Amino acid sequence: MNILDKIVARKKEEIAFSKSKISVEELKNSEFFSRNTFSLRESVKARNGIIAEFKRQSPSKGIINNQFSPIEIVTKYEEFGASGISILTDKDFFGGNFEDILSVRNSVNIPILRKDFMVDEYQFYEAKSIGADVILLIAACLSPTQVQEFTALAHELNLEVLLEIHTEEELEHFNPNIDLVGINNRNLKDFKVDLQHSVNLKNLLPKGTLSVAESGIYNVEDFKFLKEKGFDAFLMGEYFMKTENPGKTFEEFSKLI
């Protein structure tokens, strides 16, 4: 069982527990469920294209930065031009939680991506209830049919969809209703980064698809290379979070691009 399989298996256990505690109807009655969501598609076009991530840890890197609360960082992300904010809500493997989104929702006016492993319809109602605007669908742990059904549900809830792919085979998960397609520069099997592989995959997407480069953007040169190759947006977390002052690092980076 690889790490993705372990995460998904644990996620299904979490969902079963959550369902036993809070019904979908209760989620619908939450503070943020009826709010008007922000569009990441539009924000990518209007701002600098960076989806800046708040991320405490990962299975491959361990603790990255657990010294800050989300509010200390994400307000700086917005101030210095980020198109959106990505916040991990997986607890066991990434150290995230729902409170990380809830605590900042009223303080920022750009889209928030709930970054998690979405494998059940219940999670979409959760995402809406905590104030997310966008959800992530990972092709590696879903079938094309599931992606299509989950996309339809997300749109019913006025949530946008970022589909993440890693391989050419996963292009079959794409459907015209997907809002953005993220291409992970990091191979999930060996964790190696190959920017050219991502460019090759991007060039196979239907014309006009909003594309997001994910992971492995280690410097301004990587960013500029991907931008020159036509990527519309850039999901970046570790580059900022691994520093002593992620907000300041983002400010400095934004002045160089």
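This is a short dialogue on reading helix packing and burial in a predicted model.

Me: How do I describe two helices that pack together?

Reply: Happy to help! Two packed helices are described by the angle between their axes and the distance between the axes. Let's take helix α4, residues 70–79, and helix α11, residues 246–254: their axes come within 8 Å and cross at roughly 15°.

Me: What does that angle say about how α4 and α11 run relative to each other, roughly parallel or roughly antiparallel?

Reply: Angles under 35 degrees count as roughly parallel, so α4 and α11 are roughly parallel to each other. As for handedness, α4 passes α11 in a right-handed crossing.

Me: Which residues of α4 and α11 meet?

Reply: On the α4 side, look for I73, K76 and Y77; their partners in α11 are P246, G247 and F250. Sorted by class, this contact of α4 with α11 has four nonpolar residues, one polar and one charged.

Me: Is there another pair I can practise on? Where do α8 and α9 stand?

Reply: Good choice. Helix α8 covers residues 195–202 and helix α9 residues 220–228; their axes come within 10 Å and cross at roughly 20°. That angle makes α8 roughly parallel to α9. The crossing of α8 and α9 is right-handed. In α8, the contact is made by L195, Q196 and V199, and in α9 by D222, F225 and L226. By class, the contact of α8 with α9 divides into four nonpolar, one polar and one charged.

Me: Back to α11, please. How many of its residues are buried?

Reply: Here we count residues under 20% relative accessible area. Seven of the nine residues of α11 are buried, leaving the helix mostly covered. The buried ones are P246, G247, T249, F250, E251, F253 and S254.

Me: What do those buried residues of α11 pack against?

Reply: They pack against β1 (50–54), β10 (233–236), and the helices α4, α9 and α10 (238–241).

Me: Can we finish with a single residue? Is N184 buried or exposed?

Reply: Let's place it before judging it. N184 lies in strand β8, residues 180–184. Its relative accessible area is 7%, and buried means under 20%, so N184 is buried.

Me: Which residues does N184 touch?

Reply: Leaving out residues up to four places away in sequence, N184 touches E164, I165, H166, S198, E214 and S215. With H166, the side chain of N184 makes a polar contact of 3.4 Å.

Notes. Residues numbered from 1 in each chain as written. Predicted model: local features only at pLDDT ≥ 70, side-chain atom pairs only at ≥ 80, totals over all residues. Heavy atoms only, no water. Axes fitted to C-alpha atoms, helices over the stretch in contact; angles between N-to-C directions. Helix = DSSP H or I, 4+ residues; strand = E, 2+ residues; numbered from the N terminus. Parallel < 35°, antiparallel > 145°, perpendicular 65-115°, else oblique. Left-handed = near helix turned anticlockwise from the far one by under 90°. Contact = heavy atoms within 4.5 Å. Nonpolar A, V, L, I, M, F, W, Y, C, P; charged D, E, K, R; others polar. Buried < 20%, exposed > 50% of the residue type's maximum accessible area, 1.4 Å probe, protein only. Polar contact = N/O pair within 3.5 Å; in protein donor to acceptor, adjacent residues only side chain to side chain.
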